[in-house]
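This report considers how parts of a protein chain are placed relative to one another. Please consult the sequence and the structure while reading.

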Amino acid sequence: MSVDIQQTAQLLALVQIGDNRRVDRATVSAWHDLVCELPIDDALEAVRAHRRETTDYLMPAHVIAGVKRIRGARLAAAPPPLPDVDPDDVAAYQARRHQMLAQIASGQTNPNQIGA
């Protein structure tokens with residue numbers, strides 16, 4: 001699920017707590033343009049992780065990179081998915097595998113229950 005404009009404001013409120021930056025409508029709009037494709041829970045965790053790991057001024061690129069790390073860690077920790085379709089149907093097999101990987105990366109599904 002992508003971030004809506006209210007969730008971008010929520011994200012920036014968390015950012016603001018960390019560095020007292022000025023956040024107005026233009027800031028929310030500019031950030032939203034860059035982070036709107038991210039899942040809100042992952043984006044919030046990326047901000048928290050950034051604050052735990054560095055004192056660098058947080059930018060949208062940090063949040064995007066943080067979400068990629070979060071999703072990559074989920075994929076690395078999960079067993080490789082085995083699609084429940086005929087492997088001779090290469091297109092269907094690849095499509096289902098891609099879908100399963102996206103589910104694992106999102107954190108919304110237990111990797112051991114995918115395809116069950």
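In which helix do R48 and E45 lie, and how many residues apart are they? The model is predicted, and in it both residues belong to helix 3, with their positions three residues apart in numbering, about one turn of the helix. R48 and E45 form a salt bridge in which the closest N and O atoms are 3.5 Å apart. R48 is partly exposed, at 36% relative accessible area, and E45 is partly exposed as well, at 28%.

In general, side chains of opposite charge can pair when their charged atoms come close. The structure holds eight salt bridges, including the following.

| Salt bridge | N to O distance |
|---|---|
| R21 and D19 | 2.6 Å |
| D42 and R74 | 2.7 Å |
| R48 and E45 | 3.5 Å |

The pair of D42 and R74 links distant parts of the chain: D42 is in helix 3 (residues 40-53) and R74 in helix 4, 32 residues apart. D42 is buried, with 3% relative accessibility, whereas R74 is partly exposed at 25%. R21 also counts as buried, at 8%, while its partner D19 is partly exposed at 22%.

Helix 1 (residues 5-19) and helix 2 (residues 25-35) have axes that come within 9 Å and cross at roughly 105 degrees. The two helices are therefore roughly perpendicular to each other. Among the residues making this contact are L11 and L12 of helix 1 and W31 and V35 of helix 2. By class, the contact has eight nonpolar, four polar and no charged residues.

Notes:
Residues are numbered from 1 along each chain as its sequence is written. This is a predicted model: local features need pLDDT of at least 70, side-chain atom pairs count only at pLDDT 80 or more; totals for chains, interfaces and linings use all residues. Side-chain values use heavy atoms; hydrogens and water are left out. Axes are lines fitted to C-alpha atoms, for helices over the stretch in contact, and angles run from 0 to 180 degrees between N-to-C directions. Helices (H or I, at least four residues) and strands (E, at least two) are DSSP runs, numbered from the N terminus. Angles under 35 degrees count as roughly parallel, over 145 as roughly antiparallel, 65 to 115 as roughly perpendicular and the rest as oblique. Contact means heavy atoms within 4.5 Å. Ala, Val, Leu, Ile, Met, Phe, Trp, Tyr, Cys and Pro count as nonpolar, Asp, Glu, Lys and Arg as charged, and the others, Gly among them, as polar. A salt bridge is a side-chain nitrogen of Lys or Arg within 4 Å of a carboxyl oxygen of Asp or Glu. Buried means under 20% relative accessible area, exposed over 50%, partly exposed in between (1.4 Å probe, protein chains only).
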